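Biologist: I am new to this structure and would be grateful for a close look at a single part of it. Please choose one helix and describe its surroundings in a connected account.

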Amino acid sequence: MSHITSKSSPIVIVGAGVFGLSTALHLAERGYTNVKLLDKQAYNLSHYSYDKGCDAASADINKIIRSAYGSQFQYQELARDAMAKWKKWNDEIKTGKTVPAGFSTDSVLFVNNGCLTMTSGSEMDQFEKDTIQNMTKVGLRDTQLNLNVPSDVARARGGGFGFVADVFNINNKTALLDTRSGFVYADKACQFALAKVQKLGVELVLGGPKGTFAGLLQDASRTNGVLTADGKAHKAELTIMACGGWTPSLLTQLDNLCETTAGSVTMFQLPPNNKALWDRFAPENFPTWSHDIRRGKCGGLYGFARDPNGVVKIGYRGAKFTNPQIQADGTARSVPATRWTQEAIRQIPLTAARVIKAFIQEQLPELLDCEMNTRLCWYTDSYDNHFVIDFVPGTSGLMVATGGSGHGFKFLPNLGEHVVDKIENRQNDYLQYWKWRSLEINCIPDLDHTVLVRLPMEPCAPNNGPVAVNKKSCNPNAISGVRLELLGPPLPHVATLAGNEVWSECSSDHLLGQGKISGTKRVQNWEGNGHKLASCST
Ligand SMILES: Cc1cc2nc3c(=O)[nH]c(=O)nc-3n(C[C@H](O)[C@H](O)[C@H](O)COP(=O)(O)OP(=O)(O)OC[C@H]3O[C@@H](n4cnc5c(N)ncnc54)[C@H](O)[C@@H]3O)c2cc1C
């Protein structure tokens, strides 16, 4: 039996990132007529642009679209379904069916420029071997090309992917090209989905206090909608929380299931008059790529061709960074801190900067002289990297759709189908992976986890001074098992050095007793805003 009484019953979705957008889209496509989508961001005006104040994970210039999923056959097939839909969306634009503001019929969302997975050493990771096996199962062996093998290089050249073989030095690396993959222009994709949602009659409440969730309307047994920051009650038979990295602090039942962690993103601006460089990094000449992506702290890199503005984006995910803040109930939960949050941050952690710089020096030295901006982009990680799409225990009428765990964007066109299946209580093989669950007490997953620390003004000296942090005993609510407590003055304390905020990082090694963090000055060289990478002294 469906969890909702009729297709005209009121449904409120909070959060218009990938999870909320896709849910709204599929509810409307299945005939639900009373759907409201709330977001604190005025996406109808800002068009999901990070530069215009949007800091959601979904609000980005580009994201990887791949169907290679190692042994996770279920996600491979979900991604193949999504890719077919991405191509349909490209067609919808081309044929003029849906052309949002600022688009033309020449605009594209999905670009199939291939995805190259590089790993150090001479042997492919098990993930890549499993991908080949699972692609073979569905008759797609030919789409996975081993660029260390001359016959596969020849096949790449014959299939229009010869450029991929020429852009990186793959001596001492394995290199597997997935010819079905590529990237999407993420902000454009969300803008496109929002336009579709609006056309289908979903009510949008976006931006400012009127779109900002302030609390749930609840009685002893039910959730009856939400209250927004302007004091308005939005009554609903079903409320769906899809607030990305903000969800774990808004819905504290997610303790022990989801945690908000930062990824580091660098954006290199190609000089406008350097045509050779613009050509080299153009999507038709340069693939989507990753390097040592599953190999811990010294790897975890991925990158893209340039965008139409000449921006080359490179991201780091080799270590997870958190920003634990004590909340009203006394529990520390990691919350997003971005250029646009009340306490703004424009830097990335030193580890991320070092790994990116080392890769660029080796493989893409042209970028060393380009102006660079940086951002932190916040993931919502579940402890097992599966999404969380289920009803929240202890109340009725409340669902959560979150836990993107770094791989949710590619499913914008089809994720919501599964959310609606959950609402309608339909048989669906994916939902078993995404059900409500929790990490067993005392079970700590093996995550390489680093904590971002805001250095207190005193007694911390700017460089090499003692850092007033210690390791709190294992918190049963913490997915990572690592939580920080600041000694001395309570949070928030942001040190200022030469007018800039100082954030640094602390690996778990440093957390036992009084630790030392060095190199805080050098972090500043990585602050966004026109600093050149070459000038970084790390
Ligand atoms: C650096 C980075 C790189 C990634 N790369 C890829 C990739 O290459 N490929 C891929 O498939 N996936 C990728 N992902 C994952 C993907 O981006 C996410 O899984 C997905 O975008 C998450 O969508 P979401 O809707 O859960 O969250 P978000 O996009 O963060 O959206 C949450 C929304 O909730 C709103 N909100 C928050 N609080 C409130 C409130 N109080 N009131 C109202 N609204 C509120 C926010 O404004 C926001 O719009 C990446 C993620 C990151 C961080």
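Modeller: The account below follows helix α1 through its surroundings. The model is a predicted one. Helix α1 spans residues 18-29, and its surroundings include a sheet, a second helix and the ligand.

The sheet comes first. It is an open sheet of 6 strands in the order β9-β2-β1-β13-β22-β21, and its pairing is mixed. The edges are held by β9 (203-206) and β21 (388-391); each has a single partner strand, so one side of each is left without a neighbour in the sheet. On average, neighbouring strands are turned by 15° against each other when direction is ignored. Within this sheet, strand β1 (residues 11-14) runs parallel to β2, and 4 bridges join the two. In this region V12 stands opposite K36 of β2. Helix α1 packs on the sheet, where it touches β1, β2, β13 (238-241) and β22 (398-402), and its direction makes about 165° with that of β2. Helix α12 (residues 415-423) also packs on the sheet, touching β13, β21 and β22; the direction of α12 makes about 20° with that of β21.

The second helix is α7. Two packed helices are described by the angle between their axes and the distance between the axes. For α1 and helix α7 (residues 186-199), the angle is about 30° and the axes are 9 Å apart. The two helices are therefore roughly parallel to each other, and α1 passes α7 in a left-handed crossing. On the side of α1 the contact is made by L21, A24, L25 and A28, while α7 contributes C190, A193, L194, K196 and V197. By class, the residues of this contact divide into 8 nonpolar, no polar and 1 charged.

The ligand completes the picture. It is surrounded by 38 residues, of which the closest are G15, G17, G244, G404 and G408. Helix α1 is one of the elements that each supply at least two residues of this shell; the others are β2 (35-39), β3 (62-65), β14 (258-269) and β20 (371-382). The largest share, 4 residues, comes from β20. Sorted by class, the shell around the ligand has 17 nonpolar, 17 polar and 4 charged residues.

In summary, helix α1 packs on the sheet, makes a contact with α7 and supplies at least two residues of the shell around the ligand.

Technical notes:
Residues numbered from 1 in each chain as written. Predicted model: local features only at pLDDT ≥ 70, side-chain atom pairs only at ≥ 80, totals over all residues. Near = placed C-beta within 6 Å. Nonpolar A, V, L, I, M, F, W, Y, C, P; charged D, E, K, R; others polar. Axes fitted to C-alpha atoms, helices over the stretch in contact; angles between N-to-C directions. Parallel < 35°, antiparallel > 145°, perpendicular 65-115°, else oblique. Left-handed = near helix turned anticlockwise from the far one by under 90°. Contact = placed C-beta atoms within 7 Å. Pairing = 2+ DSSP bridges.
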